[in-house]
Protein chains: 2
Amino acid sequence: MALIVQKYGGTSVADATRIKAVAGRVLGTQQAGNQVVVVVSARGGMTDELIALANEISASPPSRELDILLATGEQQSIALLAMALHEMGGAVVSLTGVQAGILTDSVYGKARIRGIRPDRVRQELEQGRIVIVAGFQGADEHDNITTLGRGGSDTTAVAVAVAIEADVCEIYTDVDGVYTADPRLVPNARKLERISHEEMLELASLGAGVLQSRSVEFAKKYAMPLSVRSSFTDDAGTTVCEETQAMEDMEGVTIRGAAFNKNESKVTIVGVPDQPGVAAKLFGALAKDHINVDMIVQNISHDARTDMSFTVAHADLKAAVATCEGLLGDLGAAEVIGDGSIAKVSIVGVGMRSHFGIASTMFQALAEAGINIQMISTSEIKVSVVVGAEQGEEALRVVHDAFNLGDEPDIVEEA
Amino acid sequence: MALIVQKYGGTSVADATRIKAVAGRVLGTQQAGNQVVVVVSARGGMTDELIALANEISASPPSRELDILLATGEQQSIALLAMALHEMGGAVVSLTGVQAGILTDSVYGKARIRGIRPDRVRQELEQGRIVIVAGFQGADEHDNITTLGRGGSDTTAVAVAVAIEADVCEIYTDVDGVYTADPRLVPNARKLERISHEEMLELASLGAGVLQSRSVEFAKKYAMPLSVRSSFTDDAGTTVCEETQAMEDMEGVTIRGAAFNKNESKVTIVGVPDQPGVAAKLFGALAKDHINVDMIVQNISHDARTDMSFTVAHADLKAAVATCEGLLGDLGAAEVIGDGSIAKVSIVGVGMRSHFGIASTMFQALAEAGINIQMISTSEIKVSVVVGAEQGEEALRVVHDAFNLGDEPDIVEEA
């Protein structure tokens, strides 16, 4: 008997018919001899409807109240799914985020999970019940309802899985696994059977869009295996697990996949004095305004001045530029330039650690295609470049082909 | 400075425009120097929509899950009203039933309030905030979300008013006060300036429909004055307060109003042995099945057998008949007859205590109109009769006229 957490997204519970289909799958999992906890999102489109409703009243509603409004989306989903399971004869109980013991900080709209009190979930499981938990939401220490931001239901699922020491956390979505690149943009993209947490983390944070990156971080930290699967098929999907030497050797793969992100904007501060404390002041101010910064690039200085560029989510561009402009005098910098028209293409693979020349292969391929690189950033297992938005999709296909990601990997027989 | 609780029903918060109007009224009350707590219902029609959604999945959804679903209605209302107040510059916080400390029993769908922990509401008021509380909902001792049943928001409002020791509880609705009879049925019905808790309680439980009867019970028990007003006008409405001798003398009124209820059905058990314990067994079984019984009539017996009749809500007729049929053998009774086609007409007034002949005036008027009486039941300040559904509205008008309820009362000057 295994203890399984399953997470279903908004598309999977969009209407009564789909909710019943999910209920069938959940009940089947329990009847196969497992204990099951299910985490669900709001029905597809509902969050947007609620935001529209709020905007009829206020262009910028207070975030605490918006969270109370949005939390009703998942609360409706858990009740409806519980009804469907009950109708099929399942023993079931639904729990809101608060009831499931999801404790968060008080940053409304993008709260972080601080801990989970899993007592209630455990008790209900011991009673033989399927437990349905509302994703995306929790409560702070004063019992105020909070939401975790878009994609937060993945994080709820992994956090619950970790807290109850589940054997696996299955993420059901509208795609059937993790691909070497987005199949809508790269026709020969290939589904991966397995990927390490670390690689998935890079792909998630780079905008591969299948999993929310905080959820992968959580899974990596606690070595929780994830299974990314389609709720519409019975295909095996992709397993996200701890990196093993065997995994790398067997597949003989250096690059696992290529990611594409056109949801970021670039901010450049021109003519920053090259002296200690500048970056701390700048990024401290952005953090204080709850603006998440992704790539940061600073190059060598000329005449004791340098340019500093970073990327943020489109939605934060205006706020980020405003924050920077407020600091111009303080920093002694010349000017702030915001650019909403960029795309980011990245390659990811743990094999990079033991192979040379990966980055130059990427740059060469882009150069041959006549694509200009605006920013470069690298980590141990990732190389990212920013290009003009209009060349973004082409850049993705060029890079995907340069590493032959569409081919089946050669299986090297173990000696 | 007064401490005022205001309750707005679903019609008053049905859309963005009306929510803004309510916000204006609430803010005006605060700016006039008062502390304000607002209790709101779900937007008009939303509860029915949610029930329809549930019924797409299950014809009889489990009541615990239905409560979780329905509770989202008020949760959306509190958030939207808080946004509207914030937009107007008001300091405001919204609280769900659980957050506001509304503790109930565990009878899902018609839970009763057991107590209120008003600490959070008090703290927020002390911070100068307008506090918005979700009506109709609470939580049991295990933090399960419960709902109080239709009209439960009135009860929430009065219970909160009592718990925080408010000066008055204002119930805003789509009518502008309490009338001598339903003005839609009786054209010359007159709005009452004042009515005692006790009279209002009889009218509420008799189906006058303006206030939920449990809310009036609460108000009576704790001597909380209620003000029933329209949310669309500035009229004074009707004050529901403690009975005073002056009130009765000044207006020289014996009958305060006439009520009409066509939402009940009649159940008759024929041929019940006239022996101790029968009624206890019968109504004990109905209570156990959570069926509320309204009128009960038992007449003298013939041949050691009697007939016992009672009325229940239409929705409970099938269940009540089933419960009784299950007891037939045990009781030694002959037969159960259910009748969904009745109407109840009642007259109410504290003046009845000191006047004779009230009941006979009523019966005489009905007899002259050729209306047959099926059941009679009286209390200290009320006389109710059950008639055929098709004659119900006529019976109401006949009774209303028999006591001249449409006329302005003569004001007797004090000596």
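The paragraphs below lead through a predicted model of two chains, A and B, beginning with how the chains are related and ending with single residues.

Two copies of a chain are related by a rotation about an axis and a shift along it. In this model, chain B is superposed on chain A by a rotation of 180° with 0.0 Å of shift along the axis, and the RMSD of that superposition is 0.0 Å. The two copies are thus related as by a two-fold rotation axis. Within chain B, the C-alpha nearest to this axis belongs to B:Thr72 and lies 2.6 Å from it.

The contact between the chains draws on 27 residues from chain A and 27 residues from chain B. On the side of chain B that touches chain A, at least two residues come from each of helix H1 (16–31), helix H2 (46–57) and helix H3 (63–87) of chain B, and H3(B) gives the most, with 14 residues. By character, the residues of this side of chain B comprise 15 nonpolar, 7 polar and 5 charged ones. Because 100% of the interface residues of chain B are also interface residues in chain A, the copies meet through the same surface.

From the interface the path leads to the sheets of chain A, and a general point helps here. Strands of a sheet pair through backbone hydrogen bonds, either parallel or antiparallel. In chain A, 8 strands form an open sheet with mixed pairing, in the order E3-E6-E2-E1-E9-E11-E12-E10. Strand E3 (92–95) and strand E10 (194–196) of chain A each have a single partner strand, so they stand at the edges, with one side of each left without a neighbour in the sheet. On average, and with direction ignored, neighbouring strands of this sheet are turned by 20° against each other. At the E10 edge, E10(A) pairs with strand E12 (residues 238–241) of chain A in the parallel sense over 3 bridges, and here A:Ile195 has A:Val240 in E12(A) as its bridge partner.

Helices lie across this sheet as well. Helix H3 (residues 63–87) of chain A lies across strand E2 (35–40), E3 and strand E6 (130–134) of chain A, running at about 160° to E6(A). Helix H6 (residues 197–205) of chain A, in turn, lies across E10 and E12 of chain A and runs at about 85° to E10(A).

Chain B offers a view of strand E1 and its partners. Of the 6 residues of strand E1 (residues 3–8) of chain B, 5 are buried, so this strand is largely enclosed by the rest of the structure. E1(B) pairs in the parallel sense over 6 bridges with strand E2 (residues 35–40) of chain B, where B:Val38 is the bridge partner of B:Gln6. Between these two strands the chain crosses from E1(B) through H1(B) to E2(B), in a β-α-β crossover that is right-handed. E1(B) is also joined, by 5 bridges, to strand E9 (residues 168–173) of chain B, and these two strands run parallel; in this pairing, B:Gln6 stands opposite B:Glu170 in E9(B).

Chain A also holds an open sheet of 4 strands, with antiparallel pairing and the order E15-E16-E14-E17. Its edge strands are strand E15 (293–298) and strand E17 (335–339) of chain A, each of which pairs on one side only, while the twist from one strand to the next averages 15°. Strand E14 (residues 264–273) of chain A is joined to E17(A) by 5 bridges in the antiparallel sense, and A:Lys266 stands opposite A:Asp339 in E17(A).

Single residues complete the picture. A:His86, found in helix H3 of chain A, is buried, with 22 other C-beta atoms within 10 Å. Leaving aside residues up to four places away in sequence, A:His86 touches A:Val92, B:Ser58, B:Pro62 and B:Glu65. A:His86 and A:Leu27 are 59 residues apart in sequence, and their C-alpha atoms are 9.9 Å apart in space.

Most residues other than glycine have a negative phi. A:Glu165, however, has a positive phi near 55°; A:Glu165 lies in the loop between helix H5 (152–163) and strand E9 (168–173) of chain A and is exposed, with 11 other C-beta atoms within 10 Å. In chain B, B:Ala223 has a positive phi of about 55° although it is not a glycine. The loop that holds B:Ala223 runs between helix H7 (213–221) and strand E11 (226–230) of chain B, and B:Ala223 is exposed, with 10 other C-beta atoms within 10 Å.

Notes: Residues numbered from 1 in each chain as written. Chains lettered and ligands numbered in written order. Predicted model: local features only at pLDDT ≥ 70, side-chain atom pairs only at ≥ 80, totals over all residues. Contact = placed C-beta atoms within 7 Å. Nonpolar A, V, L, I, M, F, W, Y, C, P; charged D, E, K, R; others polar. Pairing = 2+ DSSP bridges. Axes fitted to C-alpha atoms, helices over the stretch in contact; angles between N-to-C directions. Least-squares fit on C-alpha atoms with pLDDT ≥ 70 in both. Buried ≥ 20, exposed ≤ 12 C-beta atoms within 10 Å, placed from the backbone. Right-handed = clockwise from strand over helix to strand, strands pointing away.
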